[in-house]
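Reader: I would like a close look at the charged pairs in this protein, and then a word on the cysteines, the main pocket and the core. Please keep it plain.

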Amino acid sequence: SKNLWVVGDSTLSSFEDKYYLPRYGYGTKLQEYLDDEIIVKNIALSGRSSLSFTKEENYKELLAGMKAGDFLIIGFGHNDEKTETGRYTSPIGGRDKKGTFAASLYDNYIKPALDVSCTPILCTPIVRRTATGEWTRQELHITDDAAQFKGGDYSKAVRDLARDLGIVCVDMTEKTKTLYDELGPEETIY
């Protein structure tokens with residue numbers, strides 16, 4: 001069997017908490033769409049960025065466990081835009097520029113996957129919910145400069161990186177925006 005590794009933040013992770021309605025990151029539902037040939041290994045963690053995830057045991061598990069024929073879904077962005085030194089990566093610049101979102105995704109996830117013939121799949125971040133139905137830049141992961149933290153378009157950084165490397169990109173920003181527009185703000189609260 002092959003593994004489908006899933007790394008990312010709360011939008012992909014599983015939750016143990018007891019809300020009125022259970023919460024699910026999308027990584028927790030993937031197995032329902034796959035046969036037994038693929039085993040989903042969802043090791044995504046709430047609150048992590050592509051940078052801070054590398055400090056976790058789950059990251060060591062990923063590096064030790066990926067093998068030829070496996071797949072790796074990479075879904076970061078929500079916390080890479082947080083203006084904190086432990087989580088922030090810059091949306092500006094390519095994978096050759098230290099400190100960028102693209103470099104973090106490439107160095108920490110894509111290259112290690114390719115090195116063992118595991119297929120990386122990049123995902124742009126899902127939208128942040130709009131309460132009004134009108135979209136702000138922030139809800140679409142386009143941030144403004146804040147102190148030493150440069151702003152920019154995190155989804156575009158993912159799309160550009162995937163295009164430059166010739167690897168698969170699932171534009172979850174666009175897909176979830178379309179879904180939220182269809183549902184309307186009254187429904188997306190659920």
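Author: What follows takes the salt bridges one by one and then turns to the other topics.

The model is predicted. It holds 14 salt bridges. Side chains of opposite charge can pair when their charged atoms come close. Three of the pairs are described here.

Start with Arg137, which is bridged to Asp144, with 3.3 Å between the closest N and O atoms. Arg137 is partly exposed, at 44% relative accessibility. Asp144 is also in the partly exposed class, with a relative accessible area of 46%.

Another pair is made by Arg163 and Asp164, whose side chains meet in a salt bridge of 3.4 Å, N to O. Here Arg163 counts as exposed because its relative accessible area is 59%, a value over the 50% cut-off. Asp164 is exposed too, at 53% relative accessibility.

The third pair lies in a helix. Lys177 and Asp181 form a salt bridge in which the closest N and O atoms are 3.3 Å apart. These two residues sit four positions apart in helix α4, which covers residues 172-183, so about one helical turn separates them. Asp181 is partly exposed at 42% relative accessibility, and Lys177 is partly exposed at 22%. Elsewhere, salt bridges with shared partners link Lys156, Asp160, Arg163 and Asp164 into one network. Arg163 and Asp164 thus appear both as a pair and as members of that network.

Next come the cysteines. The structure holds zero disulfides. For Cys123, the closest cysteine sulfur is that of Cys169, and the two sulfurs are 7.1 Å apart, too far for a bond. A disulfide would need the sulfur atoms within 2.5 Å. Seen from Cys169, the closest cysteine sulfur is likewise the one in Cys123, at 7.1 Å. As for their surroundings, Cys123 is buried, at 4% relative accessibility, whereas Cys169 is partly exposed, at 29%.

Now the pocket. The largest pocket has a volume of about 1000 Å³. Its lining is made up of 30 residues, and those nearest its centre are Thr11, Tyr24, Ile126, Tyr180 and Tyr190. Two elements, α4 and α5 (185-188), give two or more residues to this lining. Helix α4 gives the most, with six residues. This is the helix that also holds the pair Asp181 and Lys177. Sorted by class, the lining of the largest pocket has 15 nonpolar residues, eight polar ones and seven charged ones.

Last is the core. The largest nonpolar core has 28 residues, and the members that touch the most others are Val7, Leu62, Leu72, Ile74, Leu105, Tyr109 and Leu122. At least two residues of this core come from each of β1 (2-8), α1 (57-65), β3 (71-75), α2 (101-115) and α3 (154-165). The largest share is that of α2, with seven residues.

To bring the parts together, helix α4 contains a salt bridge spanning about one helical turn and gives six residues to the lining of the largest pocket. Helix α2 supplies seven residues to the largest nonpolar core. The cysteines Cys123 and Cys169 remain unbonded to each other, since their sulfurs are too far apart.

Notes
Residues numbered from 1 in each chain as written. Predicted model: local features only at pLDDT ≥ 70, side-chain atom pairs only at ≥ 80, totals over all residues. Heavy atoms only, no water. Salt bridge = Lys/Arg side-chain N within 4 Å of Asp/Glu carboxyl O. Buried < 20%, exposed > 50% of the residue type's maximum accessible area, 1.4 Å probe, protein only. 1 Å grid on protein atoms, 1.4 Å probe; cavity = no way out; pocket = protein on both sides within 12 Å on 5 of 7 lines; lining within 4 Å. Points joined across faces, edges and corners; volume = space filled by probe spheres on them. Nonpolar A, V, L, I, M, F, W, Y, C, P; charged D, E, K, R; others polar. Core = buried A, V, L, I, M, F, W, Y, C linked by side-chain atoms within 4.5 Å.
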